Every structure is written in structure tokens, then in C-alpha cells.
Amino acid sequence: MSAKSKVPAIGIDLGTTYSCVAVWQHNRVEVIPNDQGNRTTPSYVAFNDTERLVGDAAKNQAAYNPTNTIFDVKRLIGRRMSDETVQEDIKLWPFKVVAGSYNKPKIVVTYKGGKKEFSAEEISSMVLAKMKGVAETFLGSTVEKAVITVPAYFNDSQRQSTKDAAKVAGLEVVNMINEPTAAAIAYALDKRVTSSTDGKMNVLVFDLGGGTFDVSLLTIDKEGVIEVKATGGDTHLGGQDFDNRMVDYFVKEFKRKHKEDISRNLKALGRLRVHCERAKRIISTAIQTMIDIECLSNAIDFSAKFNRAKFEEVNMELFNKCIEHVKSCLKDAKMDKASVDEVVLVGGSTRIPKVQELLQEFFNGKLLCQRINPDEAVAHGAGFLAAKLSGLGDEAVRGMELIDVTPLSLGIYSNGDVMQVLIPKNTPIPTKKERTFFTCEDDQTDANVIVYQGERLKSTENYLLGQFGLSGLPSAPWGEVEIIVCFEIDANGILNVSAREITTGRNNAIKITGNGGLSKEEIAKMIEDAKRYKQEDEAHLKKATARNTLDGYAHKLRVDIKQYKVRLRLKNLGLSVKDLEDIEYEIKETIEWLDENPDANIGELEEKKIELDRLRFLLSLKTCQQEAKFQPSALILEPPTLVWPFGSTTALRS
């Protein structure tokens with residue numbers, strides 16, 4: 001089946017700070033630019049009195065609308081409000097987060113003059129819908145399926161919540177893949193073109209992005225089999241944390257210099273964060289830079305030098321943490337660093353020189369692989385997998401085989417608060433494991449199956465994923481009633497747990513969503529809301545297009561009039577200069593009207609456009625009468641052959 005007759009699934013890298021979308025086309029994976037021409041899109045959503053903004057438009061106004069501009073939502077998805085990391089993040093975010101039902105975080109914004117609450121899944125769905133729209137514009141057809149990437153260290157609740165967000169965005173997730181594994185696919189399929197290496201390669205993927213850090217050790221063989229041996233990382237470590245350390249440093253500097261604490265000034269912090277991120281990027285290639293912010297707080301200008309050495313000093317603890325995760329990953333894979341053939345850098349934060357230096361030192365001076373674009377590698381790999389699952393791709397893509405692993409151990413609570421592991425971390429998936437348990441009390445007729453994820457020996461020190469009950473058990477002495485518990489993980493890393501009692505056959509099951517997951521009712525409501533937002537966005541786009549068309553038309557007409565004045569003098573057409581002055585006055589009035597009426601509706605905008613069209617037509621008519629002796633009496637309905645002397649009769653570029 002050709003690409004023309006079959007719309008392929010797309011690959012989406014849903015990032016903490018930036019997202020990226022790719023698709024198989026023209027016998028290769030192409031990363032799709034957005035409407036601004038950028039190949040990555042900020043994972044930002046903003047709200048104001050009139051509209052919702054997603055992507056570049058949202059990030060561009062973040063400094064001036066900090067409390068209603070949402071970012072870092074990937075750090076909230078699938079988590080509980082009581083989580084320690086959530087509580088720490090809330091102190092740094094300019095927007096408000098409160099506890100909702102089931103201890104789920106809710107983001108509070110002011111939208112169209114009223115308070116509105118959104119879940120992390122809902123905000124993520126808006127970013128995913130944006131990426132879906134980018135792909136649909138590029139392909140010229142509706143996209144329904146996607147491969148979506150998640151951090152390797154995402155737990156089951158976070159994975160299910162991401163899948164829920166995709167459903168709200170109108171996407172069917174055909175596969176959910178770990179980010180470093182996706183990057184390894186991109187590396188492997190790039191390697192087949194540039195190298196003829198035989199046998200297996202051990203590849204360590206070091207993925208340091210805007211909000212998460214993953215490290216995975218994989219083997220890639222010449223047959224196209226990619227097998228994950230071990231994975232590790234931190235879902236709360238990335239470029240945003242480096243920015244936070246910088247912001248904290250400059251807040252203290254401002255207080256030292258000006259005796260004023262701006263730690264609660266949200267607008268000042270928002271502007272400072274923008275400058276810190278910019279400075280971080282600059283000192284990745286330069287030694288130092290200046291941070292200059294006019295009127296940062298109470299009309300006080302702030303200016304400070306910032307160099308690479310200071311940046312490394314305030315963040316060295318986090319850099320060292322990355323290396324510790326690399327060591328742990330090698331240990332889990334039972335492999336020494338000398339056995340690693342290639343170290344592949346993925347994620348924008350790997351551009352930081354100190355990160356590269358520490359990593360290279362750890363691997364005894366080994367050259368780091370920077371052949372694939374660190375910002376696009378994950379989306380690229382997701383695009384390859386999407387092509388394979390769509391029945392597209394070349395022979396190498398179709399022959400690719402992927403063996404991934406579960407990042408954390410999975411088990412249940414047992415008597416004495418002991419974690420009974422059914423599926424150990426780094427077990428290849430998909431997988432299915434069963435284990436027999438027994439009642440722990442005499443005449444026990446009910447049992448709770450409480451599912452945890454993590455590496456601690458005590459169940460309650462791990463992450464609670466969910467629970468369900470099994471009732472109607474036969475009354476018997478302790479230890480005599482057998483219950484078989486089954487854990488099954490699908491290719492997306494989603495866990496299903498079931499339990500059945502042997503003699504009665506009583507059973508129950510749960511698809512783990514955790515408290516971060518969404519109910520069917522919540523998903524249905526969000527889908528309806530998403531449709532409404534889409535309609536609002538489309539209406540806004542139509543109005544913005546009409547406004548931009550009128551504005552561009554007026555300015556183009558002003559230029560044409562100036563050129564026409566020259567032609568009038570040269571050809572002595574005999575037209576009155578007053579005709580031109582009248583049109584110029586109308587143009588000036590139109591431009592001023594646009595400035596004074598930012599909320600004008602489409603009808604008003606189109607009416608103004610018609611007025612300019614009428615004036616332009618009259619001038620064209622007079623020109624034709626002078627130059628071609630055109631007789632007005634010959635006109636019946638409209639003059640289709642009349643052409644504006646200096647080009648097209650319309651200026652419709654948006």
C-alpha cells in the first residue's frame with residue numbers, strides 16, 4: 001500500500017520543554033516544521049481574556065502573562081499532589097497548582113475573565129493536538145494514530161496518563177516507546193547507512209532533556225534487533241533544573257545588590273527565567289555573557305555578568321547526579337564501561353560543555369557520538385517505529401525488531417509491609433508473570449491486591465499504582481486459600497493486574513491507571529472540551545487571518561499608490577492627484593481603525609476590505625479609461641479583465 005493511499009502513524013516526542021513530530025514520507029523519516037517554520041515546538045499553553053495559545057505563541061508571551069502560561073506539565077502528569085517533587089516544583093512555578101479529587105494536581109488559570117481548572121492530562125492533550133495539527137497540515141490529511149515517546153523512568157501511572165492525554169487529543173496510541181530507545185532506533189538506522197559494522201554493538205544512550213534524564217544501555221545487531229539491557233534515570237532532572245538553579249542564584253544577587261526580595265514577584269521571576277535560559281544557551285558556546293533586565297522590580301534595572309564557571313558551580317551537583325545514574329545503569333546491565341562501543345548524546349541539555357566533559361572523562365576519553373540531532377533524535381526514532389507499525393518503510397525499517405524493558409520493579413503488598421516483586425526492573429516487555437499467594441488470617445473471606453512500583457523492600461516506600469479487592473473467598477484456616485496474581489505488561493509498558501481464587505474461581509482485575517489516570521467520564525468530558533477549544537481556535541484563526549489580510553492589503557496599497565504617483569507624473573495620464581490623496585487618506589483611516597479596534601469581528605474586517613477594494617477598483621477603472629480608452633458603458637456586471645497597473649488586484653498574504 002502506498003503512502004498516498006494510507007495515512008501513516010506519526011511519531012511524537014512529547015517533551016517537557018519542547019515537542020517534535022516526525023513522519024515517514026519520500027522513503028525516509030521527515031521531522032515536520034510547525035507554522036513558524038521551527039522543527040521543535042515549545043510545550044507551552046497559555047490563556048488570556050480572549051484566547052488560548054499553544055506552542056511558540058504561548059512561550060513568547062510567558063514573561064508578561066506568567067500566572068496563566070503553563071509549562072513543565074510533564075512533571076505533573078500521572079503524579080499526586082502530595083508527591084515530594086510536585087511540592088518542590090510548585091514553589092518554582094509562577095502558575096497556581098491545587099489539589100483536586102483523588103489528590104490529583106489541578107492547574108488554575110484565569111481564562112476569558114473566569115477561573116478555570118485543568119488537569120495535567122488536559123494541558124498535555126493540547127500540546128499533542130498542536131503536534132497532530134502540524135502533521136495534518138504537512139500531510140494534507142487527518143492523522144488518527146501515533147507513536148508517543150515517554151521517559152524510560154516513567155512509572156505506569158505516568159504512562160497511562162500520557163495515553164489518556166493522547167486520547168483526548170484525538171490520537172490512538174499504537175505504541176508507547178521509551179525516549180532513549182527511540183533515540184537508539186534513530187542511531188541504529190542511521191548507522192546502517194554510514195557503517196558496515198558486523199556483530200553486536202553496545203550503545204549507551206545519554207538523554208538529558210529539558211525536564212527528564214534517561215540513560216539506557218542497548219545492544220544493536222546487524223539484523224536490526226535492538227535490545228534494551230538496562231535503563232535508569234530521573235524524571236525530575238533536566239534543563240529546567242539548571243535554569244532554576246540560575247534563577248535562585250540571581251534572586252540572591254538581586255537581594256544582595258538592591259536589598260529587595262523578588263522571590264514572590266511572579267512577573268519578575270518569569271522575566272528572569274527567560275533571561276537565564278538564554279544565558280545558559282549562550283555560555284554553552286561562549287565563556288561569559290551579560291544579563292540585562294530593565295525594571296526587573298520596582299523600576300530597578302538589573303545587570304550582572306555570568307560566566308561558564310559560575311554556571312558549572314551552581315549546577316555541579318546535578319551534573320554529577322547524571323554520571324551516578326550512568327554507573328547504576330552499567331551495574332544493572334552487568335557490564336563495565338570498557339564494553340560500551342558508543343555513547344550517543346540525546347536532548348538539548350547534552351550541549352552543555354561540562355556535561356560532555358564529565359561523560360567523556362568517565363568513559364576514559366571516548367569520543368561521544370553527536371552525529372544525530374539531539375533535539376530531533378527521539379522524534380526521528382518514533383517516526384521510524386510509526387512507519388513500521390503502519391506497514392511502511394524500507395526493508396531495514398520493516399525488519400527492525402525492538403525488545404524494551406520495564407524500568408522499575410512491580411509487585412504487591414504482602415503481610416508485614418513487604419514488597420513481593422512479580423516483575424523485576426529491566427525485564428524485557430511485553431511480559432506476563434504469575435505468582436501464588438495465600439490468605440494470612442483464619443476465615444479470611446476478603447483480600448486486597450495493592451500494586452506498587454519501585455525498588456524499596458517496604459511496599460509503602462514505593463509508588464502506589466492502584467488496588468482492587470477480591471471478595472467471597474472460602475472460609476478456611478490461614479494459608480490454605482490460594483490466590484493466583486497475574487501481572488501482564490503490554491508493548492506500551494501499560495500494566496494489567498488480575499487475581500483469581502483457585503477453588504471458587506472468583507476473580508477481579510484492574511488496568512493500572514493510578515490516581516493520575518482518568519476515568520472514562522473524565523476523558524469523554526475532556527474530548528468535548530477539546531472540540532470546543534478547537535472551534536474557538538479556528539474562529540480566532542479566521543479572525544486573525546481576516547485582520548492580517550486587511551492590514552497587509554492596506555500597507556501594500558499604500559506602497560502601490562506611491563509608485564502610481566511616479567507613473568502618473570511620467571505618463572501624464574491626466575488623473576487628479578486628489579484621487580490618490582483620497583485613497584491614501586482612506587488607507588490611513590483603515591490602519592488607525594485596526595489599531596483602535598483589536599476585537600473587531602470578521603464582518604467588520606471584511607467590510608473595511610471591501611471599502612478599500614472599491615477605491616482601488618475606481619482607480620483601476622480611471623486608469624483603463626485613460627490608457628485603453630475603455631468605455632464604462634460596456635460593463636455589465638464586473639470588469640474581470642481590469643488589472644491593477646502594478647501587479648495583482650489582491651494582496652492576500654497572511
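These legends walk through several close-up views of a predicted model.

**View 1. Welcome to the second largest pocket.** The second largest pocket has a volume of about 1,000 Å³. Its lining is made up of 48 residues, and those closest to the pocket centre are Thr17, Tyr18, Lys59, Glu277 and Arg281. Four elements each give two or more residues to this lining: strand E2 (18-25), helix H1 (56-60), helix H6 (239-258) and helix H7 (266-282). Helix H7 provides the largest share, with 9 residues.

**View 2. Here is the largest cavity.** The structure holds 4 cavities of 30 Å³ or more, and the largest cavity has about 70 Å³ of space. Among the residues around the largest cavity are Phe154, Asn155, Asp156 and Arg159, as well as Val405, Thr406, Pro407 and Leu410. Ile429, Gln453, Ile489 and Gly493 line the largest cavity too.

**View 3. A cis peptide bond joins Ile429 and Pro430.** Take a moment with this bond, where omega is about 0°. Most peptide bonds are trans. Pro430 sits in the loop between strand E22 (428-429) and strand E23 (431-438). You have already met Ile429 in the previous view, as part of the lining of the largest cavity.

**View 4. A salt bridge links Glu376 and Arg39.** The closest N and O atoms of this pair are 2.7 Å apart. Glu376 belongs to the loop between helix H9 (353-362) and helix H10 (377-389), while Arg39 belongs to the loop between strand E3 (28-31) and strand E4 (41-42), so the salt bridge ties together parts that lie 337 residues apart in sequence. In the whole structure, a search finds 25 salt bridges.

**View 5. Negative charge gathers in a patch on the surface.** The patch is formed by Glu441, Asp442, Asp443 and Glu480. To find your way there, look for the loop between strand E23 (431-438) and strand E24 (447-453), which holds Glu441.

**View 6. Lys112 has a positive phi.** Here the backbone angle phi is near 55°, in a residue other than glycine. Most residues other than glycine have a negative phi. You can find Lys112 in the loop between strand E9 (105-111) and strand E10 (114-119).

Key
Residues numbered from 1 in each chain as written. Predicted model: local features only at pLDDT ≥ 70, side-chain atom pairs only at ≥ 80, totals over all residues. Heavy atoms only, no water. Patch = residues over 30% accessible without salt bridge, like charges linked within 9 Å, V, L, I, M, F, W, Y side chains within 5 Å. Areas by Shrake-Rupley, 256 points an atom, 1.4 Å probe, with all protein chains shown as cover. Salt bridge = Lys/Arg side-chain N within 4 Å of Asp/Glu carboxyl O. Lys, Arg positive; Asp, Glu negative; His and termini not counted. Charge placed at Lys NZ, Arg CZ, Asp CG, Glu CD. 1 Å grid on protein atoms, 1.4 Å probe; cavity = no way out; pocket = protein on both sides within 12 Å on 5 of 7 lines; lining within 4 Å. Points joined across faces, edges and corners; volume = space filled by probe spheres on them.
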